[in-house]
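Trainee: Could you take me through a close look at one part of this model? I'd like to start from a single loop residue and see how the rest of the chain fits around it.

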Amino acid sequence: QLEDSGGGLVQAGASLRLSCAASERTFRRYVMGWFRQAPGKEREFVAAITWTGAAVDSADSVKGRFTISTDSAQNFYLQMTSLKPEDTAVYYCAGNPTWPLRASSAEYWGQGTPVTVSS
């Protein structure tokens, strides 16, 4: 019910935009966001947003570089700029009925889209 896309291989300093398409308008009542998981590491929170944009949160490691947003349909995005090799991970979109969005309680997940940043 969530389909993420947009990952790829880029050089350090480049930008990428990840997209997540929600299958139903029901998700417009949800908190939506992004997590990432690097090889050998636990899944970590990246950013979250309510559909109205009234609440937005992001991890300290991406503040000022990554921006989460929604559109008027059922899609949300993660604009990533100034990418670093340490941003390399599989990125997952996720959704939950309530704030905050946590990996342990998110109800819906995308299949993951890999991002590789070379130095």
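In which loop does P100 lie, and between which two strands?

Mentor: P100 belongs to the loop that runs between β9 (89-96) and β10 (108-109). What singles out this spot is the peptide bond joining W99 and P100: it is cis, with omega about 0 degrees.

A quick word on ground rules. This is a predicted model, where local features need pLDDT of at least 70 and side-chain atom pairs count only at pLDDT 80 or more, while totals for chains, interfaces and linings use all residues. Residues are numbered from 1 along each chain as its sequence is written, and side-chain values use heavy atoms, with hydrogens and water left out.

Let's step back to the whole chain before following that loop's neighbours. The chain has eleven strands and zero helices (both are DSSP runs numbered from the N terminus, helices being H or I with at least four residues and strands E with at least two). So if you read from the N terminus on, you meet β-β-β-β-β-β-β-β-β-β-β, by the DSSP definition. The chain is as compact as a globular protein of its length, because its radius of gyration of 13 Å is close to the 14 Å that the globule rule gives for 119 residues (the radius is taken over C-alpha atoms, and the rule is 2.2 Å times the number of residues to the power 0.38). Along its principal axes, the C-alpha trace spans about 40 × 30 × 25 Å. Of the 119 residues, 42% count as buried (under 20% relative accessible area; exposed is over 50% and partly exposed is in between, with a 1.4 Å probe and protein chains only). As for contacts (heavy atoms within 4.5 Å), take those between residues at least 6 apart in sequence: 56% of them join residues at least 24 apart.

Now back to β9, the strand leading into your loop. A89 is found in it and is buried, its relative accessible area being 5%. Its contacts, leaving aside neighbours within four places in sequence, are R36, Q37, A38, T113, P114 and V115. Going the other way along the chain, A89 and S72 are 17 residues apart, with 28 Å between their C-alpha atoms.

Two of A89's partners deserve a visit. The first stop is A38, in the loop between β4 (31-37) and β5 (44-50). Once residues up to four places away in sequence are set aside, A38 touches T88 and A89. Y77 is 39 residues from A38 in sequence, and the C-alpha to C-alpha distance is 20 Å.

The second stop is T113, which sits in strand β11 (residues 113-118). With 7% relative accessibility, T113 counts as buried. Apart from neighbours within four places in sequence, T113 is in contact with D4, S5, G6, G7, L18, A89, V90 and Y91.

T113 isn't the end of the β11 story. V117 and L9 are 108 residues apart along the chain, yet their C-alpha atoms are separated by 6.0 Å. L9 lies in strand β2 (residues 8-11). In contrast to T113, which is buried, L9 counts as exposed because its relative accessibility is 66%.

To finish, look at the loop on the other side of β9. S82 is in the loop between β8 (75-80) and β9, and it has a positive phi of about 50 degrees although it is not a glycine. It counts as partly exposed, at 40% relative accessibility. Compare that with G64, in the loop between β6 (56-58) and β7 (66-70): at 80% relative accessibility, G64 counts as exposed. G64 and K84 lie 20 residues apart in sequence, with 13 Å between them in space, C-alpha to C-alpha.

So which things should you keep beside your P100 loop when you turn the model around? Keep the cis bond between W99 and P100, then buried A89 with partners including A38 and T113, and S82 with its positive phi.
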